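Trainee: I've just opened this one and don't know where to start. Could you walk me through it?

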Amino acid sequence: MTGPGPILVYSKYADDLQRFRRILEPALAPAEIGYAGTPEQAEPHLASVEVLYGWGFSSAMLARMPKLRWVQKMGAGVEDVLEAPQFRTGVVLTRTDGRLIAPRMVEYVVAMILQRTLKLREVRKAQREGQWLPYFEVGSIRQLTIGVAGLGEIGNEIARTLRGLGADVVGWRRSNAPTDAVRQLFAGREALARFVAGCDVVVLVLPLTSQTRGILSGSILRAFRPGAHLINIGRGGVLDETALMEAIDAGIIAHTTLDVFATEPLPPAHPFWRHPGVTVTPHICGPLIPEDVAPHFLANYAAFAAGKPLRNVIELDRQY
Ligand SMILES: NC(=O)c1ccc[n+]([C@@H]2O[C@H](COP(=O)([O-])OP(=O)(O)OC[C@H]3O[C@@H](n4cnc5c(N)ncnc54)[C@H](OP(=O)(O)O)[C@@H]3O)[C@@H](O)[C@H]2O)c1
């Protein structure tokens with residue numbers, strides 16, 4: 001394998017490009033590195049680029065890169081580029097190690113669970129009204145059975161932390177690969193209804209694939225334990241949003257916390273915005289911090305240059 005040619009770093013956030021430049025330039029000198037935050041800025045680089053490190057670019061852009069050999073997604077999800085035919089004809093696709101993004105996602109999940117166990121909304125409302133509430137006993141994570149759906153690099157960290165905090169943690173995944181992060185493991189589609197039925201809180205950390213799209217269907221949502229809390233931090237397309245509203249209105253799911261949506265940004269007229277049973281956050285729970293994720297690219301770049309195996313290579317047939 002010959003040494004890699006020019007690299008294009010692509011991020012829609014201009015501030016991030018400066019931060020990546022500060023990390024990558026000294027580490028990769030004398031490699032030729034271009035930076036782009038828009039298709040127009042990428043244009044002059046397309047003919048020569050061999051390595052693309054980025055996110056927010058279109059699959060169509062790849063078709064205009066005749067020398068492309070390797071794409072490293074900055075993020076953990078790849079569903080937006082997976083269909084590009086280049087990956088079937090020898091271009092390698094890798095993604096960022098989820099464990100580099102996981103710590104903030106763990107904090108998000110813990111915060112959203114505690115918001116309910118500590119009744120923080122009710123207490124803030126009472127404060128706004130100048131009311132001293134009569135004594136009530138706050139809940140605890142230790143009283144909850146929490147199910148983590150998706151026990152990959154991120155889900156496993158979430159399960160492990162929640163278990164460390166004393167929750168009874170169960171997990172669901174495609175394979176039955178064992179993990180000590182959960183007390184009980186459920187595997188495969190036929191176990192999904194049984195898995196959700198036993199949980200007070202369900203955390204979805206699944207990739208979007210042809211297998212997971214819409215997998216949280218109406219019948220699965222109706223199988224939840226009444227009063228459950230559903231948190232989705234994977235991808236919006238894994239659940240049926242209309243069926244979710246129905247499950248909340250029917251009193252089956254008491255609250256849902258959503259960071260990801262079928263359509264992003266969430267359209268202004270979407271009922272999720274105003275429903276008291278829904279907490280909306282704008283896909284912020286797992287930010288790509290350049291200083292956190294760039295070392296993974298540098299390690300993979302060194303492997304690529306040396307002709308060694310890369311980490312986090314996407315398996316095209318399973319789509320993650
Ligand atoms: N909201 C955000 O800001 C944010 C940030 C980062 C990532 N994400 C999302 O989080 C996802 C997970 O990231 P990760 O790094 O943990 O991915 P990962 O390491 O690839 O793990 C994926 C997990 O999903 C399971 N899975 C895949 N297909 C399944 C199916 N059909 N049925 C049941 N389980 C299935 C896998 O099961 P096996 O273990 O059996 O293979 C694995 O446990 C990403 O794909 C991305 O979409 C969101």
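Mentor: Sure, and one term first: two strands pair if DSSP finds at least two bridges between them. Keep in mind too that this is a predicted model.

Trainee: Then which residue of β2 stands opposite Tyr10?

Mentor: Start with the strands: β1 covers residues 7-10, and β2 covers residues 33-36. The two run in the parallel sense and share 4 bridges. Opposite Tyr10, in β2, you'll find Ala36.

Trainee: Are the side chains on the two faces of β1 buried or exposed?

Mentor: In a regular strand, side chains alternate between the two faces of the sheet. In β1, Ile7 and Val9 sit on one side, with Leu8 and Tyr10 on the other. Both faces are covered, and all four of these residues are buried.

Trainee: Zooming out, how many helices and strands does the protein chain have?

Mentor: β1 and β2 are a parallel pair within this chain. The whole protein chain comes to 10 helices and 12 strands.

Trainee: What radius of gyration does the protein chain have?

Mentor: Its C-alpha trace spans about 70 × 45 × 35 Å along the principal axes. For 320 residues, a compact globule would come out near 20 Å, so the chain agrees with that rule. Its own value is 22 Å.

Trainee: And what share of the contacts with a separation of 6 or more joins residues 24 or more positions apart?

Mentor: Contact here means heavy atoms within 4.5 Å. Of the 320 residues, 50% count as buried. As for the contacts you asked about, the share is 61%.

Terms used: Residues are numbered from 1 along each chain as its sequence is written. This is a predicted model: local features need pLDDT of at least 70, side-chain atom pairs count only at pLDDT 80 or more; totals for chains, interfaces and linings use all residues. Side-chain values use heavy atoms; hydrogens and water are left out. The radius of gyration is taken over C-alpha atoms; the globule rule is 2.2 Å times the number of residues to the power 0.38. Buried means under 20% relative accessible area, exposed over 50%, partly exposed in between (1.4 Å probe, protein chains only).
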